Amino acid sequence: MAELDAMIGLAPVKAQVRSIAASIEVARRRAMAGVPFEKPMRHFVFLGPPGTGKTTVARVLARIFYAFGLLQTPEIIEVSRADLIGEYLGATSIKTNELIDSALGGLLFIDQAHTLVNEGDGQADRFGREALQALLKRAEDSREDLIIILAGFPQQMEFFLASNPGLASRFSTRLRFSSYTPAEMIMLAQTVMEQRGEVFDPDARPILWRSLEEVDRRRTINELGNGWYIRNLLEKAGQARDVRVMTGSAEPSLRELVTIRGSDLEQAYAELADVLKPRTLLGHAFISYVREDSLLVDQLQRTLQAAGIPVWRDTADLWPGEDWRMKIRRAITNKALVFIACFSQASFARGISYQNEELTLAIEQLRLRAPDDPWLIPVRLNECEIPDRDIGGGRTLTSIQRVDFFGDHLDDGAARLAASILRILAQ
Ligand SMILES: Nc1ncnc2c1ncn2[C@@H]1O[C@H](COP(=O)(O)OP(=O)(O)OP(=O)(O)O)[C@@H](O)[C@H]1O
Ligand SMILES: [Mg+2]
């Protein structure tokens with residue numbers, strides 16, 4: 001509880017957690033007195049933008065339930081769609097069930113839960129449904145020894161919850177996390193600094209404050225990632241400071257080793273500008289494909305790089321871990337990414353794959369942008385169909401300009417693709 005109180009802002013969330021703790025305590029006392037009571041276990045939905053403390057609060061909740069003896073472990077298991085989905089239909093419910101078995105006695109945190117229903121474009125997501133069905137059944141059957149939290153961004157989650165009445169009834173407790181205000185961001189910065197045993201030089205504060213107000217005015221705090229943004233910024237500023245004190249002429253004092261100056265912050269902003277400020281860099285082409293097509297994709301990558309286009313690919317830039325989602329999301333929001341969706345008979349046969357996950361993420365993000373923005377180019381790697389997915393603005397993947405990169409079309413395909421990417425990134 002003290003841990004929760006120490007968190008910045010989050011007043012409604014804190015009040016809710018207090019009320020949950022109160023009902024657990026009441027149930028405990030009734031049990032001791034021999035009065036009938038119901039085990040106060042339940043499942044939750046966490047709604048909030050990136051970096052607003054969802055995972056952190058989930059950890060606190062697990063520890064509270066553990067402290068009251070309602071869970072056997074204070075650990076949480078964090079998963080997302082890819083951990084629940086199997087290679088083929090039928091395998092998904094087995095995988096989901098195994099995962100739930102492994103989480104019994106603790107807390108299962110499903111991040112980006114709304115991606116469990118990837119429909120909305122006329123194509124049923126049978127894998128997602130299978131996982132969801134297994135999940136709903138176990139949410140009911142195992143409710144005595146398992147807490148499940150479904151977390152995600154507000155809009156998408158509302159849609160997701162509305163898509164299935166079973167969901168809404170089993171996950172009836174909602175905790176809403178909101179974006180941080182500049183004042184809260186300042187306090188967050190303060191906390192992070194204290195944890196790291198560091199201090200601001202007086203000239204750093206006005207710079208921090210001005211930049212946070214600017215972020216507030218542009219309403220970009222969610223794209224920047226709220227708490228993540230502060231952490232990244234201070235980390236970069238700390239590095240700038242380290243370089244400054246170690247390359248200075250005099251031997252640095254202890255105080256200098258732990259002080260962040262305005263100039264360190266300025267440098268951190270300049271470094272973060274790559275990812276954070278729109279249109280300050282040329283940007284990247286991201287190639288999304290399935291393993292089977294690696295050889296042809298290697299060739300495509302070489303051609304694009306020869307044309308001076310930086311290429312992101314799973315192999316080098318984006319794995320492992322989940323950072324790639326944030327990286328792609330940010331790059332798209334900042335108009336620094338052209339998404340190259342490679343289709344082939346192999347990708348069509350796969351159905352579910354990382355490619356699909358990437359495509360879904362990109363479409364979700366790109367839909368938030370103006371309808372006239374070009375940003376996604378379907379590329380065919382052999383004679384195949386392109387899935388007819390809705391990409392917003394009244395368009396589908398099949399209705400926009402595509403490029404063929406195979407057979408006789410290799411050279412002109414590559415040239416057209418490179419030209420389109422350069423045109424888009426130069427805008
Ligand atoms: N209210 C807060 N007080 C202190 N630190 C916070 C707070 N909110 C977020 N943070 C810090 O910001 C970072 C992101 O928080 P967390 O992982 O809980 O966010 P999240 O909502 O789960 O993000 P995502 O949607 O990206 O998974 C962490 O380093 C966390 O410690
Ligand atoms: Mg999280």
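Domain bounds here come from an automatic or database domain assignment.

**View 1. The whole chain, split into three domains.** What you're looking at is a predicted model. The protein is cut into domain 1 (2-176), domain 2 (182-276) and domain 3 (284-426). Taken over C-alpha atoms, the centres of domain 2 and domain 3 sit 35 Å apart. As for the predictor's confidence, the average pLDDT is 87, and 93% of the residues score at least 70. Residues 277-281 are a weak spot, with a pLDDT below 50. That stretch makes 6 contacts in the model beyond near neighbours in sequence.

**View 2. Ligand 1 and the residues around it.** Which domains give residues to the shell around ligand 1? Domain 1 (2-176) and domain 2 (182-276) both do, so the ligand lies between them. There are 18 residues around ligand 1, and those that come nearest are Gly53, Lys54, Thr55, Thr56 and Gly227. Three helices to pick out here are α3 (54-67), α9 (182-195) and α12 (227-247), each supplying at least two residues of the shell. Sorted by type, the shell has 6 nonpolar, 9 polar and 3 charged residues.

**View 3. Helix α7 and its two faces.** This helix runs over residues 154-162, and Met157, Phe160 and Leu161 in it are buried. They span an arc of only 95° around the axis, which puts them on the same side of α7. Turn to the face pointing away from that buried side and you'll find the exposed residues Gln155 and Ala162. So what do the buried residues of α7 pack against? Their partners are β1 (44-47), β4 (147-152) and α8 (165-170).

**View 4. Leu188 in helix α9.** Here's a closer look at one residue of α9, a helix that also supplies at least two residues of the shell around ligand 1. Is Leu188 buried or exposed? It has 23 C-beta neighbours inside 10 Å, and the cut-off for buried is 20 or more, so Leu188 counts as buried. Leaving aside neighbours within four places in sequence, Leu188 is in contact with Ile8, Tyr180, Gly227 and Ile230. Gly227 is also one of the residues that come nearest to ligand 1. Leu188 and Gly9 are 179 residues apart in sequence, yet 9.1 Å apart in space, C-alpha to C-alpha.

**View 5. Two loop residues with positive phi.** Most residues other than glycine have a negative phi. Leu10 goes the other way, with a positive phi near 60°. You'll find Leu10 in the loop between α1 (2-5) and α2, and it is buried, with 23 other C-beta atoms within 10 Å. Asn226 isn't a glycine either, and its phi is positive too, at about 45°. The loop that holds Asn226 lies between α11 (221-224) and α12. Asn226 is buried, with 23 other C-beta atoms within 10 Å.

**View 6. Phe37, just past helix α2.** Phe37 is found in the loop between α2 (11-33) and β1. How many other C-beta atoms lie within 10 Å of Phe37? There are 15, so Phe37 is partly exposed. Not counting residues up to four places away in sequence, Phe37 touches Ala27, Arg30 and Ala31. Another residue to compare is Val26, which is 11 residues from Phe37 in sequence and 8.9 Å away in space, C-alpha to C-alpha.

**View 7. Thr333 in helix α17.** This helix covers residues 323-333, and Thr333 belongs to it. Thr333 is buried, with 20 other C-beta atoms within 10 Å. What does Thr333 contact, leaving aside its neighbours within four places in sequence? The answer is Glu223 and Gln365. Between the C-alpha atoms of Thr333 and Leu368 the distance is 8.6 Å, with 35 residues separating the pair in sequence.

**View 8. Val403 in strand β14.** The strand takes in residues 403-404, and Val403 is part of it. Val403 is buried, with 20 other C-beta atoms within 10 Å. Set aside the neighbours within four places in sequence, and Val403 is in contact with Ile377, Val379, Gly413, Arg416 and Leu417. Val403 and Ala415 are 12 residues apart along the chain, and their C-alpha atoms are separated by 9.8 Å.

Methods:
Residues numbered from 1 in each chain as written. Chains lettered and ligands numbered in written order. Predicted model: local features only at pLDDT ≥ 70, side-chain atom pairs only at ≥ 80, totals over all residues. Buried ≥ 20, exposed ≤ 12 C-beta atoms within 10 Å, placed from the backbone. Helix = DSSP H or I, 4+ residues; strand = E, 2+ residues; numbered from the N terminus. Arc of directions from axis to C-beta. Contact = placed C-beta atoms within 7 Å. Near = placed C-beta within 6 Å. Nonpolar A, V, L, I, M, F, W, Y, C, P; charged D, E, K, R; others polar. pLDDT = per-residue confidence, 0-100.
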